[in-house]
Amino acid sequence: MSFCCGASMVGTKGTLKHYRTQVHNVPLLFCPVCHRVEVHYKVENEYEILAEYAHGDGVTDVDFQDYVMEDEEAIFENVINVESEDPLAIVRNQIDMALDLLAVAKQIEDTKWERELKKRLAVMSQRRHRLQQKA
C-alpha cells in the first residue's frame, strides 16, 4: 500500500513521457489529494529499462504491456482503490481513512499531523461534494 500526504494512492494505468518517448499503459499510483503520480514500485525497474531503451532507439511510442508480462491483478493487489472503481466510493474511502488517522493523531497529540489531515479532509470533502452534484 502506498501513501502520499497521508492519503492512500490510487492504482491506475497511464502514459508517461520519457524525453521524446511516450510509454503507454504504465502501472501508476496517484494521490487523490495532491495529484502526485509515480510508477508503481513493482514495475519501476522495468519501466526505467524500457523507457531508456526505447528512447535510445528513437522510438516515439511504446506500450508497456507489450514488453512486461506482469499480471495487472498482481501489480495492484496491495492498493486500496483502483481508478476503475466508482469515483465517489474512492473519495468516501479516502475520507474514512483520513478520519481514522485523525483519531490516531488526536490520541497521540500530534497537532501537525492533525492539521495536515484536516487539510486533506477539506480537499476530499470538496471533491465528494462535486461528485455528488454530478450524480
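**A walk through the chain and its charges**

Of the 135 residues in this chain, 37% are buried. Keep in mind as you look around that this is a predicted model. If you lay the C-alpha trace along its principal axes, it spans about 55 × 35 × 25 Å. The accessible surface adds up to about 8,300 Å², and carbon and sulfur atoms account for 49% of that.

Now for the secondary structure. You'll find seven strands and five helices here, and reading along the sequence gives the pattern β-β-β-β-β-α-β-α-α-β-α-α. How much of the contact network joins residues at least 24 apart? Taking contacts between residues at least 6 apart in sequence, the share is 58%.

Next, the charges. The chain carries 23 negative side chains and 16 positive ones, and the centres of these two sets sit 13 Å apart. Side chains of opposite charge can pair up when their charged atoms come close. With a cut-off of 4 Å between a side-chain nitrogen of Lys or Arg and a carboxyl oxygen of Asp or Glu, the count is two salt bridges.

One of them ties Glu-77 to Lys-42, with 3.1 Å between the closest N and O atoms. This pair bridges distant parts of the chain, 35 residues apart: Lys-42 belongs to the loop between strand S5 (37–39) and helix H1 (44–56), while Glu-77 lies in the loop between H3 and strand S7 (81–82). Are the two partners buried or exposed? Glu-77 counts as exposed because its relative accessible area is 58%, and Lys-42 is partly exposed at 26%.

The other salt bridge brings together the side chains of Arg-36 and Glu-38, at 2.1 Å from N to O. Arg-36 has a relative accessible area of 38%, so it is partly exposed. Glu-38 is partly exposed as well, at 26% relative accessibility.

Some of the acidic residues cluster instead. Which ones form a patch of negative charge on the surface? They are Glu-46, Glu-70, Asp-71 and Glu-73. To find Asp-71, go to the loop between helix H2 (64–67) and helix H3 (72–75). Why can Asp-71 belong to such a patch? Patch members need over 30% relative accessible area and no salt bridge, and Asp-71, partly exposed, has a relative accessible area of 47%, so it clears that area cut-off.

Methods:
Residues are numbered from 1 along each chain as its sequence is written. This is a predicted model: local features need pLDDT of at least 70, side-chain atom pairs count only at pLDDT 80 or more; totals for chains, interfaces and linings use all residues. Side-chain values use heavy atoms; hydrogens and water are left out. Patches are made of residues with over 30% relative accessible area and no salt bridge: like charges are joined within 9 Å, nonpolar side chains (Val, Leu, Ile, Met, Phe, Trp, Tyr) within 5 Å. Accessible areas come from the Shrake-Rupley method with a 1.4 Å probe; for residues, only the protein chains shown count as cover. Lys and Arg count as positive and Asp and Glu as negative; His and the chain ends are not counted. The place of a charge is taken as NZ of Lys, CZ of Arg, CG of Asp or CD of Glu. Helices (H or I, at least four residues) and strands (E, at least two) are DSSP runs, numbered from the N terminus. Buried means under 20% relative accessible area, exposed over 50%, partly exposed in between (1.4 Å probe, protein chains only). Contact means heavy atoms within 4.5 Å.
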